[in-house]
Amino acid sequence: MEKTAIEYADFAEFDRRQRGIERHLLAAFLGGLAVGFIGMLTAGRGPGWIGHVYDPYVYLAMALAVGASASGFGWALLTTFLAAVASLVAAMGGSALRGDLAFDVVGGSAAGLNWTIALLVGTGLLAYVTRRKDRWGDYAAGVIGALVLADVVDRATPGFIGDERSFWPMPAVLIGAAAIGVMLALRRGAGGRARALVCALGLAGLFATGLAAAMGGWITVAV
């Protein structure tokens, strides 16, 4: 009798886990559709910095939420990719409704589109790793923060590759502060937060220094 009760409890737990995975898959798909469709319908309306904030930071927030809530590393990979593709399809649909069907509606170009998808999937995987309570979780949170901060620096600095004058100062400050806040919220304890912050600032600083050196001609980049 006791063995039967244990087997039933195991089965019930397995069933709850499977239902949770199914709900997560559906939520990732619908969330990706909503993010992509809303982003395309609002593109070009209002101040220019709104579009710059939405693409890519809302997409990154979506990937972060999907990856952090996944039930396993493989599921984080699958659901984040599903959400990224769903957002792309929705963005293309919204673009078609506006009479401008294009395959580079997210990322600005074909190469930018591929980079955006890779960045979203990578962010989702890193977000799942942040659930670890050891240093790897701290470093994963730090890398996520560094990715956002590096992009903010690139957009906000005149003469850099992604220079966008409307992005400075308020959008850049708000996005940078939000990135640091989310990164710290992903960790528990002063030590973990300190490691994540040092990792983020260090990697973002290296990126900014390298980019400045390349743009200034101090480093020759072979193409």
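Let's start with helix H6 in this predicted model. Which residues of H6 are buried? They are Pro 171, Ala 172, Ile 175, Gly 176, Ala 179 and Met 183. These residues cover an arc of only 125° around the axis, which puts them on the same side of H6. Turn to the other side of H6 and you'll find Met 170, Leu 174 and Ala 185, which are exposed. A bit of helix geometry helps here. An α-helix has 3.6 residues a turn, so residues three or four places apart point the same way.

You can also check the length of H6 yourself. The helix runs over residues 170-185, and at 1.5 Å a residue its 16 residues should span 22 Å. The C-alpha atoms at its two ends are 22 Å apart, which agrees with that expectation.

**Salt bridges**

How many salt bridges does the structure hold? There are 3, and here they are:

| Pair | Closest N and O atoms |
|---|---|
| Arg 132 and Asp 134 | 2.5 Å |
| Arg 187 and Asp 138 | 2.6 Å |
| Asp 138 and Arg 195 | 2.9 Å |

Take Arg 132 and Asp 134 to begin with. Arg 132 counts as partly exposed, at 42% relative accessibility. Its partner Asp 134 is partly exposed too, with a relative accessible area of 27%.

Now for Asp 138, which shows up in two rows of the table. Arg 187, one of its partners, sits in the loop between H6 and helix H7 (190-215), while Asp 138 belongs to helix H5. That pair links distant parts of the chain, 49 residues apart. Is Arg 187 buried or exposed? Arg 187 is buried, and so is Asp 138.

The other partner is Arg 195. Arg 195 lies in helix H7 and Asp 138 in helix H5, so this pair ties together parts that are 57 residues apart in sequence. Why does Asp 138 count as buried? Because its relative accessibility is 2%, and the cut-off for buried is under 20%. Arg 195, at 29% relative accessibility, counts as partly exposed. Put together, Asp 138, Arg 187 and Arg 195 are linked in a network of salt bridges.

**Helix H1 and some alanines**

Over in helix H1 (residues 2-42) you'll find Leu 26. Together with Phe 29 and Leu 30, Leu 26 makes a nonpolar surface patch of about 270 Å².

Ala 34 has its place in helix H1 as well. Ala 34 is partly exposed, with a relative accessible area of 36%. Try following the chain from Ala 34 to Ala 91: they are 57 residues apart along it, yet their C-alpha atoms are separated by 9.1 Å.

Something similar goes for Ala 118, which is found in helix H4 (residues 110-129). Ala 118 and Ala 84 are 34 residues apart in sequence and 9.1 Å apart in space, C-alpha to C-alpha. At a relative accessible area of 45%, Ala 118 is partly exposed.

**How far to trust the picture**

The mean pLDDT of the protein is 80, and 74% of its residues reach 70 or more. Which elements have the lowest and the highest mean pLDDT? H1 has the lowest, at 79, and helix H5 (residues 135-156) has the highest, at 88. Where pLDDT is low, the predicted coordinates should not be read in detail.

Methods. Residues are numbered from 1 along each chain as its sequence is written. This is a predicted model: local features need pLDDT of at least 70, side-chain atom pairs count only at pLDDT 80 or more; totals for chains, interfaces and linings use all residues. Side-chain values use heavy atoms; hydrogens and water are left out. Helices (H or I, at least four residues) and strands (E, at least two) are DSSP runs, numbered from the N terminus. The expected span of a helix is 1.5 Å times one less than its number of residues. Buried means under 20% relative accessible area, exposed over 50%, partly exposed in between (1.4 Å probe, protein chains only). The arc is that of the directions from the helix axis to the C-beta atoms. Patches are made of residues with over 30% relative accessible area and no salt bridge: like charges are joined within 9 Å, nonpolar side chains (Val, Leu, Ile, Met, Phe, Trp, Tyr) within 5 Å. Accessible areas come from the Shrake-Rupley method with a 1.4 Å probe; for residues, only the protein chains shown count as cover. A salt bridge is a side-chain nitrogen of Lys or Arg within 4 Å of a carboxyl oxygen of Asp or Glu. pLDDT is the predictor's confidence in each residue, from 0 to 100.
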